[in-house]
Amino acid sequence: MSRPFLAILGSGKGSNFEAIYRAIQQEKLKAEIKLVISDVADAGILQKAEQFHVPHFFIQAEKFEKKTIALLQKLQVDLVILAGFMRILSPNFLAQFPNRILNIHPSLLPQFPGKEAWEKAWKSGKKETGCTVHVVAEKVDQGEILAQERVIILPHDTPESLHQRIQQQEHQLYSEVIQAYWEQINR
Ligand code: GRF
């Protein structure tokens, strides 16, 4: 089986990128990260990419999609991995990579779509939440669900402590799902 070329898109600190990078180093995920792209100039994800010697680019909002599509096509990227990426991609962008864009979301979708999902879960009084890896579709947080991991909401949790435990699950889950999804679509 071939190893997919990955592009990682993120706007934040990049802990999911780091987990994917380490899973590849450990041969748990058989893939190659071709580049990291961020729409935030000083995002932690770009600093991590620099540290790991992964090609990385900051692309401004106005030119984001045009430049990104050109780069991904040039580098023959197979899968686009959204990891804390805060922009909504247009139907035109999605059409360039049909069923090839994955996202991770910090709740058990369809519960708590949108921003700060861990805080919404914490405020809801529910006993559990979690994370979801899904295929990206036009409607935000609504594409096909590939996998979910549960996280218990503890009585002494704060939104921050809950988010931290959700992220621990994310770091495990995302690489496993990328590997399984690539095998599934190449069967
Ligand atoms: C994660 O919690 C992810 O579920 C959400 O954004 C956060 C990104 O964190 N989409 P990081 O930048 O990977 O640390």
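The points below concern the ligand site and one aromatic pair in this predicted model.

1. The ligand sits in the largest pocket, and the residues that surround it are Gly-12, Lys-13, Gly-14, Ser-15, Asn-16, Gly-84, Ile-104, His-105, Pro-106, His-163, Gln-167 and Glu-170. By class, this shell is made up of 8 polar, 2 nonpolar and 2 charged residues.

2. Backbone atoms approach the ligand at several places: a polar backbone atom of Gly-14 is 2.8 Å from an oxygen atom of the ligand, and a backbone N or O atom of Asn-16 lies 2.9 Å from an oxygen atom of the ligand. For Ile-104, a backbone N or O atom lies 3.0 Å from a nitrogen atom of the ligand. On its own the ligand has 370 Å² of accessible area, of which the protein covers 89%.

3. As for secondary structure, the elements that give two or more residues to the shell around the ligand are helix H1 (15-25), strand E5 (101-105) and helix H6 (159-185). Among these, H6 gives the most, with 3 residues.

4. Turning to the aromatic side chains, the count comes to 5 aromatic pairs. One of them is formed by Phe-17 and Phe-52, whose ring centres are 5.9 Å apart and whose planes meet at 50°, so the pair is tilted; pairs under 30 degrees would count as stacked and those over 60 as edge-to-face. Because Phe-17 lies in helix H1 and Phe-52 in the loop between helix H2 (44-51) and strand E3 (56-58), the pair ties together parts that are 35 residues apart in sequence.

Definitions and conventions: Residues numbered from 1 in each chain as written. Predicted model: local features only at pLDDT ≥ 70, side-chain atom pairs only at ≥ 80, totals over all residues. Heavy atoms only, no water. Near = heavy atom within 4 Å. Polar contact = N/O pair within 3.5 Å; in protein donor to acceptor, adjacent residues only side chain to side chain. Areas by Shrake-Rupley, 256 points an atom, 1.4 Å probe, with all protein chains shown as cover. 1 Å grid on protein atoms, 1.4 Å probe; cavity = no way out; pocket = protein on both sides within 12 Å on 5 of 7 lines; lining within 4 Å. Sits in = over half its atoms within 2 Å of the grid points. Helix = DSSP H or I, 4+ residues; strand = E, 2+ residues; numbered from the N terminus. Nonpolar A, V, L, I, M, F, W, Y, C, P; charged D, E, K, R; others polar. Phe/Tyr/Trp six-rings, centres within 6.5 Å; stacked < 30°, edge-to-face > 60°.
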